[in-house]
Amino acid sequence: MSTDEYILWRGKPQPTKAFQKENLMLLPFGLFFFGFAIFWTVTAAMSAPFMAIFGIPFICVGAYLSFGQIIHKRYLQSKTEYAVTNKKLIRIMGERVDMVNADQINNMQIQMHKDGTGTITFLRQEIYYRGGNRHTSYPGGITGFYALENVADPIYVQQKINEMDR
């Protein structure tokens, strides 16, 4: 942070329900995959014990698709922090630090959740020059490049983002 930069807001994502909509799509497939992998591994172990080794990676993938993704998301949430300064947005996820300058932020959208939290999503705009012409690109496409997930008071955070120097 530079000397003329100061924090407008900082926070962490709020803990969410263990099971969310995005898990709904993978759960049936994950349970089927997990069950079949266990069945195959046990059957293979009965006929040729060394064949059971080949089933272990499939059991691991099935376990992750079934319930590991929920545990993994909870773990990432516990290691995540957000900050809005007068010059940039900062997201810290464990050892990874993502920063987006204020002039690269546009198309802010807020999705309110039933528990009162909200997710603020942005497109990150990059301007570059090629052959003397100015071009604009949006890394991450229209789905959003950057998000502050499960923020306790998303309207307040939006107001702080609007106070950034652009």
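A residue is called buried here when its relative accessible area is under 20%, and by that cut-off Leu89 is buried, because its relative accessible area is 0%. The structure in which Leu89 sits is a predicted model, and the paragraphs below move from its overall fold to the core around Leu89, then to helix α3, to Asn150 and finally to a pocket.

The protein contains three helices and nine strands, and, when read along the sequence, these elements follow the pattern β-α-α-β-β-β-β-β-β-β-β-α. Of its 166 residues, 34% are buried. Among the contacts with a separation of 6 or more, 58% are made by residues 24 or more positions apart.

The largest nonpolar core has 16 residues, and those with the most contacts inside it are Val84, Leu89, Phe122, Leu148, Val157, Ile161 and Met164. Two or more residues of this core come from each of β1 (7-11), β2 (80-85), β6 (118-124), β9 (146-151) and α3, with β9 giving the most, namely three residues.

Leu89 offers a way into this core. Leu89 belongs to strand β3, which spans residues 88-93, and, when its neighbours within four places in sequence are left aside, Leu89 is in contact with Ala83, Val84, Asp98, Met99, Val100, Ile105, Phe122, Tyr146, Leu148, Ile161 and Met164. One further distance can be followed in the model: the C-alpha atoms of Leu89 and Asn101, which stand 12 residues apart along the chain, are separated by 6.5 Å.

Helix α3 covers residues 154-162, and its buried residues are Pro154, Val157, Lys160 and Ile161. Viewed down the axis of α3, these buried residues fall within an arc of 115 degrees, and therefore they line one face of the helix. Val157, one of the buried residues of α3, is in contact with Trp9, Ile120, Leu148 and Val151, once its neighbours within four places in sequence are set aside. Leu148 is thus listed among the contacts of Val157 and also among those of Leu89.

Strand β9 also holds Asn150, a residue that counts as buried because its relative accessibility is 6%. The side chain of Asn150 makes a polar contact with the side chain of His113, at 3.5 Å. The backbone of Asn150 deserves a look as well, since Asn150 has a positive phi of about 50 degrees although it is not a glycine.

The last stop is a pocket. Rolling a probe the size of a water molecule over the atoms shows where empty space is left. The second largest pocket has a volume of about 180 Å³, and its lining consists of Pro13, Lys73, Leu76, Gln77, Thr80, Tyr82, Arg91, Met93, Ala147 and Glu149. At least two residues of this lining are supplied by each of α2 (52-78), β2, β3 and β9, while the largest share, three residues, comes from α2. Strands β2 and β9 therefore appear in two settings, for each gives two or more residues to the largest nonpolar core and each supplies at least two residues of the lining of the second largest pocket.

Terms used: Residues numbered from 1 in each chain as written. Predicted model: local features only at pLDDT ≥ 70, side-chain atom pairs only at ≥ 80, totals over all residues. Heavy atoms only, no water. Buried < 20%, exposed > 50% of the residue type's maximum accessible area, 1.4 Å probe, protein only. Helix = DSSP H or I, 4+ residues; strand = E, 2+ residues; numbered from the N terminus. Arc of directions from axis to C-beta. Core = buried A, V, L, I, M, F, W, Y, C linked by side-chain atoms within 4.5 Å. Contact = heavy atoms within 4.5 Å. Polar contact = N/O pair within 3.5 Å; in protein donor to acceptor, adjacent residues only side chain to side chain. 1 Å grid on protein atoms, 1.4 Å probe; cavity = no way out; pocket = protein on both sides within 12 Å on 5 of 7 lines; lining within 4 Å. Points joined across faces, edges and corners; volume = space filled by probe spheres on them.
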